[in-house]
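Me: Please take a close look at one part of this model, the second largest pocket, and tell me how much space it holds, which residues and helices line it, and what the chemical character of that lining is.

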Amino acid sequence: MNDMADEKHSARPSGGRLRRSADKRNRVDFNWHIVRTLPHQEKKLAAIIAGRIPETENILEVYCPTHTTVRTAAGAADAGSPLFAGFVFVLSTEEALTDFISRHYPDGTVLRDRKTDTGAKAGLLTVPESQMRAFRDFNENYADRVVVLERPYSDYAFNPKTGEPNEIVRVIDGPLAGREGYLVRFRRDKRMVFNIRSFESGRSLAVSVPDIWNFHVVRLHNAAGDRLSRATEKARAADLLIGIIQACGCGGQSLSVFHTLTERLAARPSLTLLCRRLYKQGDTALAARLESLTAAEAALVMNLVRYERDNPGYIRATWPRLTLRPFLTPTSGTAIADGTAEATLRHDGFTEIIRRVEIAEDVYCPAEQKSETVITTYYAHIGVMESRRGASFLLFANWDDFLREYFLTAGKANEKLVSGTERASRGATTCGVQKEKLIDSFRNYAPTLYNILTDAGSPVKALQALPVGGDTLNALAISATAGGLAAAKDLLIGTCTAICRELNTTTHLAVWRRYLRTVWLHG
């Protein structure tokens, strides 16, 4: 169904109708071809072909897909409107179809593909059998609920009231498997809007399907529309500065230096003047590192200090303490040597391990109306505390704000959040049986986190108020012996990354995706 005209495939049906010939392209290879009709004559042509199939060799089937249109003036539904106005699909050989159209429907045109080589003759346009099968399955099951929209597909990229980008999702299974589109709210109903490309250059149909929650879908990162939230943008700026300060050897004074630098920049918003002052003070390493900021990094920092200037005290109130940086950040702070995957940084009471992590994400490009997999480098930060005798270690990751909200969720609310499965949908029935709807729970949509919170045997634990370096931290943690330290690091980083991906790709658990921004400073 994704751009049905782009892939070539030969359908080779069995049966007595097939007749072999020396010209295999024209007489043996069966394909789904596309015939353009005169306006409003799709059904007429389909009927002509269907009526002559028994007496015509090498034409096996004709298909004219329809969709439901609602006539508001009459208050009635017409389920027979063609989905692709002016097009009929025919399973046949090339020669048989062109001969048939010239004899019985000369006003029709068998569509030809675009030329791929200079001087080459364009062949007939065909639809892959696999796509045709999926398309028919979808149309026959959902045609009565599909609505062809009046506006172009691109108009549904943003919420017209808020200006925020609509979420982009991909369907994983069922008749819509592989289909990508926007989640759009139509009054009280949230529907999936996707694009069906027509078979004429530059034309397409935007259609919507209701009850999208009945499909298994995952969120895609919007390459053009997704924007950093203001909170995440400030958090990334703060993390960038803190990482630089720590890497320059400020140690336990890092938070104080961070507050001082940002307040100086808020008073005099010039990185150049700040660097000159640092050089005069003898802080050459810090000054040199700030001088090397890229234009994008400098803009990120200056946005933060401008906000501090307009809201004095914001930075001290938002970052009143510093224990360990968020689990996944876009910058390492401490340099990681070439050929190695991680670096270490000593803190009061623990050692920080900073590891390079490559995360593959499915990204949707609205302009091209296609998705691609993009690999982005992030840096995982975990702490390692050693027992007094050095026989055991505790490894932990900063999930402080996220887990604080979880620990505050108690009683039945906690039970529903963690282990809830289904509930009856209000007023929704199938054949008189009340339909069940999956609820927004970790069990349904974040299984890795669910196992940690419910399985007593899970090696990774959620710890509340873990004492770390004279402070406390809500953390995901794992214990290890000296011999198992490397495996424990891999398991903790892999588990935390899996939770981030599960929460970020589900269309559910929207509140917890907001809290996830304090764990994974996602771009």
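Reply: For sorting the lining, Ala, Val, Leu, Ile, Met, Phe, Trp, Tyr, Cys and Pro are counted as nonpolar, Asp, Glu, Lys and Arg as charged, and the others, including Gly, as polar. With that convention in place, and bearing in mind that this is a predicted model, the residues lining the second largest pocket divide into 15 nonpolar, five polar and nine charged. The pocket itself holds about 670 Å³ of space, and of its 29 lining residues, those closest to the centre are Thr318, Trp319, Pro326, Asp401 and Thr518. By the convention above, Trp and Pro belong to the nonpolar class and Asp to the charged class.

Turning to the secondary structure around this pocket, at least two lining residues come from each of α5 (230-247), α10 (314-318), α11 (400-408) and α16 (510-516). Among the contributors, α5 gives the most, supplying seven residues to the lining.

Away from the pocket, two backbone details may also deserve your attention. Most residues other than glycine have a negative phi. His40, although not a glycine, has a positive phi of about 65°, and this residue sits in the loop between β1 (31-36) and α2 (42-52), where His40 is exposed, with a relative accessible area of 78%. Asn58 likewise has a positive phi, near 70°, and lies in the loop between α2 and β2 (59-63), but Asn58 counts as buried because its relative accessibility is 4%, under the cut-off of 20%.

Conventions
Residues numbered from 1 in each chain as written. Predicted model: local features only at pLDDT ≥ 70, side-chain atom pairs only at ≥ 80, totals over all residues. Heavy atoms only, no water. Helix = DSSP H or I, 4+ residues; strand = E, 2+ residues; numbered from the N terminus. Buried < 20%, exposed > 50% of the residue type's maximum accessible area, 1.4 Å probe, protein only. 1 Å grid on protein atoms, 1.4 Å probe; cavity = no way out; pocket = protein on both sides within 12 Å on 5 of 7 lines; lining within 4 Å. Points joined across faces, edges and corners; volume = space filled by probe spheres on them.
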